[in-house]
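Work through the exercises below with the model open. Each task is followed by a solution in steps.

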Amino acid sequence: MSATAPISSVNDFVVRFANVNGSGSASANEMFARSIIRHGVPVSPRNIFPSNIQGLPTWYEVRVTEDGHLGARGGVDMMVAMNPQTWDKDVASIEPGGYLFYDSTKPMPASKFREDITVIGVPLTAITNSTYTDPRQRQLFKNIIYLGALSALLDMDPKVIEQLIGEQYKTKEKLLSSNVHALHLGRDWALQNLKCPIGLRVQKADKVGDRIFVEGNNAAALGAVYGGATVCAWYPITPSSSLADAFTSHCKRLRHDPETKKAKYAIVQGEDEIASIGIVVGAGWNGARAFTATSGPGVSLMTEFIGLTYFAEIPAVIMNVQRAGPSTGMPTRTQQCDVISCAYASHGDTKHPLLFPEDPHEAFEMAAQCFDLAERLQSTVFLMLDLDIGMNHRLCRPFKWDESKQYDRGKVMTAAMLDEGRDFGRYLDVDGDGIPFRTYPGTHPTKGSYFTRGTSRDRYARYSEEGAVYQDNMQRLLRKFETAKDLVPRPLQANAQKPTKYGVIYYGSTSPAMDEAVGMLEARGHQLDRLRIRAFPFHSSVASFIADHDFVYVVEQNRDAQLRQLIVNENGIDPVRLVPILHYDGTPITARFIAKAIGDHQDQLKVTPLRKVVS
Amino acid sequence: MTYIAKPKFHHRDLPKNELGYTHRDYEGKISTLCAGCGHDSITAAIIEACFDLSIEPHRVAKISGIGCSSKTPDYFLGNSHGFNTVHGRMPSVLTGANLANRELIYLGVSGDGDSASIGFGQFAHSIRRGVNMTYIVENNGVYGLTKGQFSATADRGSKSKRGVTNSDNAIDMVAIALQLGATYVARSFSGDKHQLVPIIEGAIRHQGAAFIDVISPCIAFNNHTGSTKSFDYVREHNEAVNRLDVITGRAPISIDQAPGTVQVVEQHDGTKLALRKIDADYDVHDRLAAMAFLQKHAAKGQVVTGLLYVDPEADDLHANLNTVEKALNTLEAKDLCPGSSALEKINASLR
C-alpha cells in the first residue's frame, strides 16, 4: 500500500523507459510516443543514450503534455524499468505517488523498497519465452509486449497503435501480424491481471493540429536540399551523422534527374573533418552551394580552413550539432558549448555568423537560409544545432516553402558584366557594404581571373604584405560583418504581461523550456521580458533590450556563459548587467531548472537588506 | 611592392597554337623562386603542355597547398583562377572544386612536404576517389621555405646541406599512387623537358586521377653531394622506361616512329599517347608489374622515370557518384528545389 496517493493525471505526465543499449527497444518506445500523438495529445520525447553500441544503459523519456510544453520537464511519473543495471537509480527517480512498471518474471529484489510508489509487475520474460523460441524474437517482441501492457494501463486505444504498426510494416505482412500479436499479448495480460487503467491516462484530444513530428537533423538536412546545397562532405561524428544520412536519403528521393536518373548532388564521406571542410571550401570557391555536418571536435579540426574562408572570403556552411565537451567530453549528451569556438574560429582576427534554430521548423528554414547568407557574405556560416534538437523528435510547425523564392547567389560578376567594362577587383568594396564581387573560375578568357590565397593581398588580389594594405582589408571585413547584422535572422522579443525591469535572453534549444518557465515564474509573481537571440552577429535590438532593463538573465547550456561573453565582448556591455543562468550536465535544460534559478534570484531581490552595523 | 609585374612587351611573331594563343598567354607572374629552381622548369613544362594542347587558359583551375612548389601556380596560366590553399590540403579543395564544376581542367600542384607529410592522407584519398585531375608533386626531398629540413621523400642515408644523414625511410609517392589506384602514374625530372612536357599533356588529357612525381632539385638546400634529389644524382641514376608523345585527335604533335618500339595508348578523349619504349618488357597497362619494376630499380638506387601506368578506361569520381553531366554550380533553384508540393507530402509523412 502506497503511503502517498498515486498520481492522477490525464494527458500530462512523464513516462521514462530504462533499457539496455542494443536491445531493440528504440522502435517500440518511439511507437509509444507516436501513438500518443495519434490520440491528438502532444508529446515531447527525449532519447538519453550512452556513447557505445550495446550493453550500457539507455533511457527514452516521453513527456505527455496536452498543454504542449515541448521542453524537458524533469522528474518521472512512470518508470518502465527494464534494465537491472540501473534499477536502484531508476526507482529513486520516480516522483512521489508515481508508478514503477517492471518485468515480474523474477521476484523483485528483497531490499528495502519505496512505499510511496505503485508497483506494477508484468511477467514479460515468461510471456515471451512461452510464445517465442528464437532468442532475438524474444528480445524484440518483449518490447512490443510491454507497449501492449502500457496501452491498457494508460487507457490507450489499441487500434491507434495497430495502425502505426501497419504503416511501419505495410510491405512486410509477416512482421505486421507478429507485432500486432505481441501487442495484444501484453495488452490482454494487463487487462486480465491488473487494474486498468491506472491514475495516468491518455485521453483523445485535438491538441496536435497540423504539427509534424520530426528530428532537427532530418529537418536541417531537408533545409539543405531546399536551400540548394549540391555538395556535401562529411565525416561521421555523433550527434551529426544522422544529418548527413538524412541529406543522402532526401537527395535520393528528391534530387535525381527524372530522365537520366543522374544525381543533382555530390556527397562524399571525407577521410576526416579537415578533408570534409576542404571539399566544401573547394566547392564554394567554385560556385557550388556546399556544406558539412559535424560536432565540436570536428569544428576544432576544421578551424584552419574556417580562417581561410574568412580571409579568402569563400562561402561555406557548417551545421554544427553541439554535444558536451571539451575534448571527447560526453559525445551523446547535449550542450550549447561551441558558441565562442565557432564565432571566433581560427587564428588571427576572425568572426563568423551563427544561426540558432529553436526547433526542427527553424532548423529547416535556417539551414536553407545559411546558403544564401554564405554566398551573400562570402563567409562560413554556422547552423548551431545541438543534440537535443538534432537527435530528438519534436512536434513543430509544418515546413513551408515560398515558391517565388530565388536563391541569393551573392555578388558574382559574370562574363557579360566583365565585358561591359566593370572594374573587377576581387577585394574592392564597390558598394560600401564591405562585400566585394567575385568571379567563378572559368568565367572569362581574359578578364576576372584572380589568385585566391590565405596570405595578405591588395584590393585587386595581388600579393602584398604592406601593413596599410592588410589593415585596409581587415577593416573592410569588419564592415562586411556589420552588414551581416541586418541580414541574419533578427531576435524575437516577447514582453511580460506587466511592465518589468527584468529581462531574459536565451537561444536555440532552450526555447521550449523557457516558454514554459515564464509561466511558472509568472505564477511566482515574477515578470520577465524575453528576447530569443537567433543569430550572431547581434542585431542592434540586443543592446537596446539590455539597455531597457535593470538587468537581464542569460540562460545557456554551457559552463562558461559563452553567449553572455559574446554579448559583453561585441556590445561593450557591463557584465554585471547580465546574470548567467547555466545548465551543463549534458541533459536538456528544463523549465523547472530555469524557473527555480531565476525565481530564487528574483526572490533574493525582494529581501530587505540588513542595516549596516554601526560601530 | 611585394609582387612583380611582368613586362607587357612580347615579340609579335611568337608562334601561335590552334586558338591563336602564344606562350605568353599561358604565362603568369614572374617567379620569385630561387634562380635555377627545378620548380621553374616544371612551370615552363606546364606552360608548354597547355600551349601544345591548345587549352583555353581560363578553363583551367590551378590549386595548390603551401610551400615553394605551391607558389608556382601564380607563375603560369595568368588568366586562370588559382587557389593557394593551406598546407597539405590541396587535394580536398581540388576535389570540392571538381565536384562543383566537372567541366574545367584541374591542375593540383604540390610539394613533397605538402603531399608526403602533412598532406599524405589527402593525397591518398583524392587518388583513391579517382578525382579527375592532374596532380603534380614537385619533389625536392627538402623543406625549402623553412630552410632545409628533410621531407618524407628524402632517401634514407641521403645528407642534408648541413651534413646530417637522414635515418628515416623515404616515401615513394609513385609506388603509393599505384597502390591507391591512380589511373595515370608517371615520374619525371624537372631537368628533362622532353620527357616531362608530354607526360603532363597526357595527364591533362587523362579522364581520371593522374599523378606525376617530378624530381625537382632544390638549388638552395638540396643540390649538393650526398643528396639523392640533386641535379647530378638524378641525371646519373635516371632509368627512363619510355619517352612519350601526345597525339591529339587532329594532328600529331611529334612522334619518333622507330618501328617496333612505339606503343599507342588511346585515352577517353581520343588523345593518343605514343610511348617510345626503352625497356622492351615494360607494359604500361600492368599495375602490378609497374609496382614490382619500381621496387626493383629503387633497390638499385635508380630513379625510374616515364609513364609507369595508365588505364585508358578509367572512371572518375563523378562517374562513381553518378552526377549529372551539367556542372553542379550552374544548377538553379528550379533544378534543385523540390518545391512546396513535395514539402506537403513530406509534412504528411511526418504526422
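**Exercise 1. A salt bridge within chain A**

Task: Find the salt-bridge partner of R530(A) and place both residues in the fold.

Solution. Step 1: R530(A) forms a salt bridge with D515(A), and the closest N and O atoms are 3.1 Å apart. This is a predicted model, so the distance is a computed one.
Step 2: R530(A) belongs to strand 20 (residues 529-533) of chain A, and D515(A) belongs to helix 16 (residues 511-523). The two residues are 15 apart, and the pair links distant parts of the chain.
Step 3: Set the pair in context. Over all chains, the structure holds 50 salt bridges.

**Exercise 2. Backbone features of chain A**

Task: Describe the peptide bonds from G325(A) to P326(A) and from F536(A) to P537(A), then the phi angle of N11(A).

Solution. Step 1: The bond joining G325(A) and P326(A) is cis, with omega about 0°. P326(A) sits in the loop between strand 13 (316-322) and helix 11 (339-343) of chain A.
Step 2: F536(A) and P537(A) are also joined by a cis peptide bond, here with omega near 10°. P537(A) lies in the loop between strand 21 (535-536) and helix 17 (540-547) of chain A.
Step 3: N11(A) has phi near 60°, a positive value in a residue other than glycine. Its loop runs between strand 1 (9-10) and strand 2 (12-20) of chain A.

**Exercise 3. Two chains against the globule rule**

Task: Count the helices and strands of chain A and of chain B, and test the radius of gyration of chain A and of chain B.

Solution. Step 1: Chain A has 19 helices and 23 strands. Its C-alpha trace spans about 90 × 85 × 40 Å along the principal axes.
Step 2: A compact globule of 615 residues would have a radius of gyration near 25 Å; chain A has 27 Å, which agrees.
Step 3: Chain B has twelve helices and 13 strands. Its radius of gyration is 21 Å, close to the 20 Å that the rule gives for 351 residues, so chain B is as compact as a globular protein of that length.
Step 4: The C-alpha atoms of chain B fill a box of roughly 75 × 50 × 45 Å, taken along the principal axes.

**Exercise 4. The interface**

Task: Characterise the contact between chain B and chain A by residues, area and polar pairs.

Solution. Step 1: Contact involves 60 residues of chain B and 71 residues of chain A.
Step 2: The two chains bury about 5,400 Å² between them, and 60% of that is on carbon and sulfur atoms.
Step 3: There are 26 residue pairs in polar contact between the chains, counted with both at pLDDT 80 or more. On chain B, the elements that give two or more residues to this side include strand 1 (60-64), helix 5 (120-129) and helix 12 (339-349). Helix 12 gives the largest share, eight residues. By type, the chain B side divides into 26 nonpolar, 24 polar and ten charged residues.
Step 4: Three salt bridges join the chains. One of them pairs E325(B) with K262(A), with the closest N and O atoms 4.0 Å apart.

**Exercise 5. Strands across the interface**

Task: In which sense do strand 17 of chain A and strand 2 of chain B pair, parallel or antiparallel?

Solution. Step 1: Strand 17 (residues 451-453) of chain A pairs with strand 2 of chain B in the parallel sense, over three bridges.
Step 2: Within strand 2 of chain B, G82(B) is the bridge partner of F451(A).

Terms used
Residues are numbered from 1 along each chain as its sequence is written. Chains are lettered from A and ligands numbered from 1 in the order in which they are written. This is a predicted model: local features need pLDDT of at least 70, side-chain atom pairs count only at pLDDT 80 or more; totals for chains, interfaces and linings use all residues. Side-chain values use heavy atoms; hydrogens and water are left out. Contact means heavy atoms within 4.5 Å. Buried area is the accessible area (1.4 Å probe) that two parts lose on being put together, summed over both. A salt bridge is a side-chain nitrogen of Lys or Arg within 4 Å of a carboxyl oxygen of Asp or Glu. A polar contact is a pair of N or O atoms within 3.5 Å; within protein, one must be able to donate a hydrogen and the other to accept it, and residues adjacent in sequence count only if both atoms are side-chain atoms. Helices (H or I, at least four residues) and strands (E, at least two) are DSSP runs, numbered from the N terminus. Ala, Val, Leu, Ile, Met, Phe, Trp, Tyr, Cys and Pro count as nonpolar, Asp, Glu, Lys and Arg as charged, and the others, Gly among them, as polar. Two strands pair if DSSP finds at least two bridges between them. The radius of gyration is taken over C-alpha atoms; the globule rule is 2.2 Å times the number of residues to the power 0.38.
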